[in-house]
Amino acid sequence: MGLGNPGETYRLTRHNIGAVWLREFAARFNIPLKHDSSKRVEVGRGMLLGHDIRMLVPSTYMNLSGEAVGPFLRYFRIDPDEMLVVYDDVAFEPGQTRLKFGGGPGGHNGLKNLIQHMSGDREFGRLRIGVGHPGSAHELIGFLTQVTMPEAARVNSLASAYLDDELLGWLFSGHWQKAMTKVNSVPDADQVE
C-alpha cells in the first residue's frame, strides 16, 4: 500500500511519494486502481509472479491512514505481515531507499495511525523512500505537505525504490532478509533535491 494525502493539492508533495510509487507500480503491471468509496481506498487486484495481490492507496488523509487500512485488512483477511507499506521518510535524502520489516513508526504519523488501527501490530514490511529534510523541525510539515517536490528529486526517489522481479519474488515468499540485504546494500543514487 502507498501512503499519501488525497486531492490535487497534495499530489506532487513529498508526503505523497508512497501513493505515487504505488500508482506507478500498478501501471507497470497493468493493474488498474479503482476508487471504492465505501472502504475509503483506491484498490487494485491482480496476479503478480504467480501471487494474487491487492494494491491499496487510502483516500483518507495521511494521519488517518489506519482508518481505511485496518478495516480493509480485516475485510479481506490479510495479515499485517503480508503487507508492504510504501511511504516518505525524512531520515533519507532523495535517491536513498530502505526496506525494513517491523519496528515502530519512527515519528511518521501515518504509520502511527496504521499501527493503532491494527491493534498495535508492528510486524509488516516498509519501503521507506527518502524525501530529504528541510533542516528545521519547524519547517517539516510545510516541507512535506505544501511544497511541490522538485521533479528531479521525485524521479530520483522513485528510481531508488524500484523493486525488480527477483526482489518481488523474495518479498512474496517471505524472504525479507534477502530482500533487505539487496535493497539496503545498493549504493545510494545521486542525491538530488
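**Exercise 1. Work out how much of the chain is buried, and check its overall dimensions.**

Start with burial: in this predicted model, 47% of the 193 residues count as buried. Next, take the surface. The accessible area of the chain comes to about 9500 Å², and 51% of that belongs to carbon and sulfur atoms. Now for the dimensions: along the principal axes, the C-alpha atoms fill a box of roughly 40 × 35 × 30 Å. Finally, try the globule rule. A compact globule with 193 residues would have a radius of gyration near 16 Å, and the chain has 15 Å, so the two agree.

**Exercise 2. Lay out the secondary structure in sequence order, then look at the range of the contacts.**

Count the elements to begin with: there are 7 helices and 6 strands. Walking along the sequence, you get α-β-β-β-α-β-β-α-β-α-α-α-α. As for range, take the contacts with a separation of 6 or more: 69% of them come from residues 24 or more positions apart.

**Exercise 3. Describe the sheet built from S1, S2 and S3, and find the helix lying across part of it.**

Step one is the order. This is an open sheet of 3 strands, arranged S1-S2-S3 with antiparallel pairing. Step two, the edges: S1 and S3 (51-58) each have a single partner strand, so one side of each has no neighbour in the sheet. Step three, the twist: neighbouring strands are turned by 35° against each other on average, ignoring direction. Step four, the pairing in detail. S2 and S3 run antiparallel and are joined by 8 bridges; Arg 45 has Arg 54 in S3 as its bridge partner. To finish, add helix H2 (residues 65-75), which lies across S2 and S3 and runs at about 155° to S3.

**Exercise 4. Do the same for the sheet containing S4, S5 and S6.**

Again it's an open sheet of 3 strands, but read the order with care: it goes S4-S6-S5, and the pairing is mixed. The edge strands are S4 (84-89) and S5 (97-101), each pairing on one side only. On average, neighbouring strands here are turned by 20° against each other, direction ignored. Now zoom in on S5 and S6 (residues 125-130): the two run antiparallel, with 5 bridges joining them. Leu 99 stands opposite Leu 127 in S6. The helix to add this time is H7 (residues 176-185), which lies across S4, S5 and S6 at about 165° to S5.

**Exercise 5. Decide whether Arg 128 is buried or exposed, and list what surrounds it.**

Place the residue first: Arg 128 sits in strand S6. Its relative accessibility is 17%, so Arg 128 counts as buried, the cut-off being under 20%. Then go through its contacts, skipping neighbours within four places in sequence: Tyr 87, Asp 89, Phe 92, Gln 96, Thr 97, Arg 98 and Lys 100. Asp 89 deserves a second look, since its side chain makes a polar contact (2.7 Å) with the side chain of Arg 128.

**Exercise 6. Compare the backbone and the exposure of Asn 30 and Arg 40.**

Take Asn 30. This residue lies in the loop between helix H1 (17-28) and strand S1 (34-36), and though not a glycine, Asn 30 has a positive phi of about 55°. With 66% relative accessibility, Asn 30 counts as exposed.

Turn to Arg 40, found in the loop between S1 and strand S2 (41-48). Here too a residue other than glycine has a positive phi, near 55°. Arg 40 has a relative accessible area of 35%, so this one is partly exposed.

Conventions:
Residues are numbered from 1 along each chain as its sequence is written. This is a predicted model: local features need pLDDT of at least 70, side-chain atom pairs count only at pLDDT 80 or more; totals for chains, interfaces and linings use all residues. Side-chain values use heavy atoms; hydrogens and water are left out. Two strands pair if DSSP finds at least two bridges between them. Helices (H or I, at least four residues) and strands (E, at least two) are DSSP runs, numbered from the N terminus. Axes are lines fitted to C-alpha atoms, for helices over the stretch in contact, and angles run from 0 to 180 degrees between N-to-C directions. Contact means heavy atoms within 4.5 Å. Buried means under 20% relative accessible area, exposed over 50%, partly exposed in between (1.4 Å probe, protein chains only). A polar contact is a pair of N or O atoms within 3.5 Å; within protein, one must be able to donate a hydrogen and the other to accept it, and residues adjacent in sequence count only if both atoms are side-chain atoms. The radius of gyration is taken over C-alpha atoms; the globule rule is 2.2 Å times the number of residues to the power 0.38. Accessible areas come from the Shrake-Rupley method with a 1.4 Å probe; for residues, only the protein chains shown count as cover.
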